[in-house]
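Let's take a look at how aromatic rings and cysteines sit in a protein model. Have the viewer ready and follow along.

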Protein chains: 2
Amino acid sequence: MRYYDMKGFLTYLILWILSKKKMNGAEIAKELQKRRGTKPSPGTIYPVLKELKEKGLITAGKDKVYSLTRKGEKELMSACEFFCKTFYDMKEMFRCCR
Amino acid sequence: MRYYDMKGFLTYLILWILSKKKMNGAEIAKELQKRRGTKPSPGTIYPVLKELKEKGLITAGKDKVYSLTRKGEKELMSACEFFCKTFYDMKEMFRCCR
DNA sequence: ATAAATATATCGGTTGTCCGATACATACTT
DNA sequence: AAGTATGTATCGGACAACCGATATATTTAT
């Protein structure tokens, strides 16, 4: 997986969110609404969940409550490292907005 | 401009880089190489610079050394705020990789 | 049990990022 | 001044994110 492409943060944002709490699709959508200000449409979110599941990064039981797999955790970690490297001086950025 | 789309971080990364130091296209490419590990192709970087210039976010003299305009600074600030809001708990992320 | 509301899923199409290839301009060397 | 290296620019196309619309499944209410 190539982080440097960075088309769409959504996938990683979802991984990030799921790393904190198990959720179903609708709950994820709500959480995104809260964070970004806009709610992704069903046509956006469910394909992403499907893809993440097929890649083995998340799993869900019959109740459709998703959580990260071990692989998903590693993937998220890698993404974090990439972000840290790319925005190694981002701390200033965060400082500026609080 | 819609931050929540987030297709491609490149544009904002370039704004971020230019906010710290004036550079020409080649220098920007090198800096990106350093940060991301991959160097953007000319076909990637120059169209982005052109677009940013057309939007009035950056300017350059005859020497093609780019710098942020006032508008560009504001834009970057907005982007920062968006990131902070979206990843309000990202501090943990940064902690994990150092 | 039926109806209504909510959640999940799929499909087609649009858009924008990014790249590779190519062409052009400018600066540097000898 | 000619040739070489380096920087700049443009074009076409590949690919993926995202959305809107629609269909289906599941849960909740009556």
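## Ring pairs

In this predicted model, the count comes to nine aromatic pairs over all chains. The rule takes the rings of Phe, Tyr and Trp (its six-membered ring) and pairs them if their centres lie within 6.5 Å; planes under 30 degrees apart count as stacked, over 60 as edge-to-face and the rest as tilted.

Try finding Tyr12(A) and Phe83(A): their rings are 6.4 Å apart centre to centre, with 90° between the planes, an edge-to-face pair. Tyr12(A) belongs to helix 1 (residues 10–20) of chain A and Phe83(A) to helix 4 (residues 70–86) of chain A, so this pair ties together parts 71 residues apart in sequence. Helices here are DSSP runs (H or I, at least four residues), numbered from the N terminus. Both Tyr12(A) and Phe83(A) are buried, meaning under 20% relative accessible area (1.4 Å probe, protein chains only).

## Over in chain B

Phe82(B) and Phe83(B) also make an edge-to-face pair, because their planes are at 65° and their ring centres 6.0 Å apart. Phe82(B) and Phe83(B) are buried too. Ring pairs link up into a cluster whose members include Phe9(A), Phe87(A), Phe9(B) and Phe87(B).

## Cysteines

How many disulfides does a search of the whole structure find? Zero, over all chains, where a disulfide is a pair of cysteine sulfur atoms within 2.5 Å. As for burial, Cys84(A) is buried at 13% relative accessible area, and Cys80(B) is buried at 2%.

## Reading the numbers

Residues are numbered from 1 along each chain as its sequence is written, and chains are lettered from A and ligands numbered from 1 in the order in which they are written. Local features need pLDDT of at least 70, side-chain atom pairs count only at pLDDT 80 or more, and totals for chains, interfaces and linings use all residues, while side-chain values use heavy atoms, leaving out hydrogens and water.

Terms used. Buried < 20%, exposed > 50% of the residue type's maximum accessible area, 1.4 Å probe, protein only. Helix = DSSP H or I, 4+ residues; strand = E, 2+ residues; numbered from the N terminus.
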